[in-house]
Amino acid sequence: MATILAGRLQLQEEVQAAIADLQDAGFAAGRIASFYVNPPGQHDMHPAGGDRPNSPGAEDTGKGAGAGIGAGGAVGAAVGAVATPVLGPVAPLTGAAVGAYAGSLMGAVSRTHEVGQIPDVRQAGMLVAVAAGDAEEEQRAADTLRRSGAFDLERAKGQIIDGEWIDFDPLSLPDYIRP
């Protein structure tokens, strides 16, 4: 596997210019790939759609919702029982239903992880990638991509064959190259 350097660009014209710049820097066309990376969650990798079976940060929400249904339903039934003289015999059932719904929502939200606890994901956009054979080529590729206006430069291991990054994983965590 080669070291691949990739950078994100906004416009198709910028992508074409970056590819030309990489070729001018000595990289063969077959070692350069360009493609659009879908937004997180929209890679359609599962039959029901999406990237993962569960959303990051939401793994424990089912447990929280279950606990919230019980607690909210009990509180709602108690409040409904107190309101029975005013609202009639349906008050405890209505109170239990409303309480269970509110409790499930609050319980699920309480088990959702904060955004800061979810690792960075690769952002959507046009990606230009080039396979580098050694450290000197890595530096030349990074410099060329930066001069071409690419941002979010990253390093990965993989294979670019005939202009296609054949083992690209849109869900892999990017290893960003800091300037």
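Strand β3 (125-132) is mostly covered in this predicted model, with 8 of its 8 residues buried. Buried here stands for under 20% relative accessible area, exposed for over 50%, and partly exposed for anything in between, with a 1.4 Å probe and protein chains only. Strands and helices are DSSP runs numbered from the N terminus: E over at least two residues for a strand, H or I over at least four for a helix. Residue numbers start from 1 along each chain as its sequence is written, and side-chain values use heavy atoms, with hydrogens and water left out. As the model is a prediction, local features need pLDDT of at least 70 and side-chain atom pairs count only at pLDDT 80 or more, while totals for chains, interfaces and linings use all residues.

β3 belongs to an open sheet of 5 strands, laid out in the order β2-β3-β1-β4-β7 with antiparallel pairing. Two strands are taken as paired if DSSP finds at least two bridges between them. At the edges sit β2 (32-37) and β7 (175-176), each of which pairs on one side only. Going through the neighbours of β3, there are 6 bridges in its antiparallel pairing with β2, and here F35 has L127 of β3 as its bridge partner. The antiparallel pairing of β3 with β1 runs over 7 bridges. One of the facing pairs there is I4 and A131 in β3.

β1 (residues 2-9) is in turn joined to β4 (residues 151-158) by 6 bridges, again with the strands running antiparallel. On this side I4 stands opposite A156 in β4, while T3 faces K157 in β4. Like β3, β1 is mostly covered: 7 of its 8 residues are buried.

Two helices lie across these strands. Helix α1 (residues 12-24) crosses β1, β2 and β3, running at about 10° to β3. Helix α5 (residues 135-147) lies across β1, β3 and β4, at about 5° to β1. These angles run from 0 to 180 degrees between N-to-C directions, and the axes are lines fitted to C-alpha atoms, for helices over the stretch in contact.

What about the length of α5? Its 13 residues should span 18 Å at 1.5 Å a residue, and the end C-alpha atoms are indeed 18 Å apart; the expected span is 1.5 Å times one less than the number of residues. Within α5, the buried residues are E137, E138, A141, A142, T144 and L145. They cover an arc of only 165° around the axis, so they sit on the same side of α5; the arc is that of the directions from the helix axis to the C-beta atoms. That buried set packs against β1, α1, β3 and β4, with contact meaning heavy atoms within 4.5 Å. Turned away from the buried side, the other face of α5 carries the exposed residues A135 and R147.

The strands and helices also meet in the nonpolar cores. Such a core is a set of buried Ala, Val, Leu, Ile, Met, Phe, Trp, Tyr and Cys residues joined through side-chain atoms within 4.5 Å. The largest one has 18 residues, of which L5, L22, I32, V128, V130 and L145 touch the most other members. Two or more residues each come from β1, α1, β3 and α5. Apart from this core lies another of 9 residues, including A6, L127, A129 and A131. V130 shows how many parts of the chain come together: leaving aside neighbours within four places in sequence, V130 is in contact with T3, I4, L5, L22, F27, R31, I32, A141 and I160.

Away from these elements, G95 is found in helix α4 (residues 91-110) and counts as buried because its relative accessibility is 16%. Not counting residues up to four places away in sequence, G95 touches G76 and A77. The C-alpha atoms of G95 and A74 are 8.7 Å apart, with their positions 21 residues apart along the chain.

Lastly, two residues other than glycine have positive phi values. D152, in strand β4, has phi near 55° and counts as partly exposed because its relative accessibility is 28%. For D162, phi is near 50°. D162 is in the loop between β5 (160-161) and β6 (164-165), and its 71% relative accessibility is why it counts as exposed.
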